[in-house]
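Here's a quick briefing to read alongside the structure. Have the viewer open and click along as you go.

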Amino acid sequence: MPEPTIRRAVIADAEVLSWIGAETFTQTFGHLYHPDDLETFRHEAYGLDRTHADLADQARAQWLVEIDGQAIGYALAGPCDLPHESVTPTCGELKRLYFLKDHQGGGNGSRLFGEVLCWLLADGPRDLWIGVWSENFGAQRFYERHDFSKVGEYGFKVGRTVDREFILKRPAARTQI
Ligand SMILES: CC(C)(COP(=O)(O)OP(=O)(O)OC[C@H]1O[C@@H](n2cnc3c(N)ncnc32)[C@H](O)[C@@H]1OP(=O)(O)O)[C@@H](O)C(=O)NCCC(=O)NCCS
């Protein structure tokens with residue numbers, strides 16, 4: 001299989017980002033929600049309007065991972081919006097890091113994560129944050145290996161379901177890529 005390539009996404013990628021966002025979210029978490037809630041959430045969080053707005057936001061960045069021009073994964077990063085008392089306007093957040101099921105576990109996530117960290121730390125050290133589902137043990141192991149640890153939790157609402165989400169932090173003092 002050809003090597004996957006990683007590139008920054010641009011406005012013209014809105015459609016593919018919208019598709020891979022909804023598809024990977026559904027593959028990973030779709031079973032947790034009522035079908036109507038899932039449909040509404042897919043539209044709100046991954047619809048074209050929202051994707052365009054994210055791409056147009058200069059404070060945010062998105063990446064696409066492709067094989068032969070076909071998207072297999074993506075990431076989104078920007079200022080931290082997580083509900084924790086220590087979050088300041090200078091904090092950065094990895095907001096999304098997702099691969100299609102058939103492309104997980106082969107090192108693609110680590111490579112993409114490295115690119116995102118470089119971008120988040122381009123202007124020097126700062127606190128970095130991630131929100132992760134309390135039962136997403138694979139992703140938690142992945143982030144722990146990259147020096148993130150749990151500092152809090154909150155409820156993440158998808159329709160009638162409220163997920164228990166862990167808030168992870170990597171302090172500026174430890175941020176070495
Ligand atoms: C989490 C994710 C981005 C990691 O990327 P990856 O390419 O699978 O990871 P790598 O191959 O670089 O590293 C493997 C490590 O990733 C973690 N991991 C998480 N989900 C995994 C999966 N489905 N398969 C394999 N590894 C997974 C594990 O820590 C694994 O290490 P282990 O050997 O100790 O189990 C990817 O698995 C994924 O897209 N998962 C589904 C979406 C998701 O949970 N995103 C995070 C939301 S906060």
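Before anything else, one term: a residue is called buried if 20 or more other C-beta atoms lie within 10 Å of its own, exposed if 12 or fewer, and partly exposed in between. Keep in mind that this is a predicted model. By that yardstick, H1 has Ala-14, Leu-17, Ser-18, Ile-20, Gly-21, Ala-22 and Thr-24 buried. The bullets start with that helix, then move to the ligand and a few individual residues.

**Helix H1 and its neighbours**

- H1 runs over residues 14-29, which makes 16 residues. From first C-alpha to last it reaches 22 Å, close to the 22 Å you'd expect at 1.5 Å a residue.
- What sits over the buried residues of H1? The cover includes helices H2 (35-46) and H3 (48-56), along with strands E2 (61-67), E3 (70-79) and E4.
- An α-helix has 3.6 residues a turn, so residues three or four places apart point the same way. That's handy when you look at the buried set, which includes Leu-17, Gly-21 and Thr-24.
- H1 and H2 pack at about 145°, and their axes are 10 Å apart. The crossing of these two helices is right-handed.
- Which residues make the H1–H2 contact? On the H1 side, look for Ser-18, Gly-21, Ala-22, Phe-25 and Thr-26; on the H2 side, they meet Leu-38, Arg-42 and Tyr-46. Sorted by class, that contact has four nonpolar, three polar and one charged residues.

**Around the ligand**

- There are 17 residues around the ligand, and Gly-105, Gly-109, Ser-110, Gly-138 and Arg-141 come nearest.
- Strand E4 (92-99), helix H4 (108-120) and helix H5 (137-145) are the elements that each give two or more residues to this shell.
- H5 supplies the largest share, with four residues.
- How does the shell divide by class? It has six nonpolar residues, 10 polar and one charged.

**Two residues to compare: Leu-112 and Ala-122**

- Leu-112 lies in helix H4. It counts as buried because it has 22 C-beta neighbours inside 10 Å, and the cut-off for buried is 20 or more.
- Leaving out residues up to four places away in sequence, Leu-112 touches Ile-6, Trp-63, Val-65, Gly-73, Ala-75 and Leu-97.
- Leu-112 and Ala-14 are 98 residues apart along the chain, and their C-alpha atoms are separated by 19 Å.
- Ala-122 is in the loop between H4 and strand E5 (128-133). Is Ala-122 buried or exposed? Ala-122 is exposed, because just 9 other C-beta atoms lie within 10 Å.
- Measure from Ala-122 to Pro-2 and you should get 29 Å, C-alpha to C-alpha, for a pair 120 residues apart in sequence.

**Positive phi in the loops**

- Most residues other than glycine have a negative phi, which makes the next two worth a click.
- Asp-68, in the loop between E2 and E3, has a positive phi near 50° and is not a glycine. Asp-68 counts as exposed because it has 9 C-beta neighbours inside 10 Å.
- Asp-147 also isn't a glycine, yet its phi is positive at about 75°. You'll find Asp-147 in the loop between H5 and strand E6 (149-158).
- Where does Asp-147 fall on the burial scale? With 14 other C-beta atoms within 10 Å, Asp-147 is partly exposed.

Key
Residues numbered from 1 in each chain as written. Predicted model: local features only at pLDDT ≥ 70, side-chain atom pairs only at ≥ 80, totals over all residues. Near = placed C-beta within 6 Å. Nonpolar A, V, L, I, M, F, W, Y, C, P; charged D, E, K, R; others polar. Expected span 1.5 Å × (residues − 1). Contact = placed C-beta atoms within 7 Å. Axes fitted to C-alpha atoms, helices over the stretch in contact; angles between N-to-C directions. Left-handed = near helix turned anticlockwise from the far one by under 90°.
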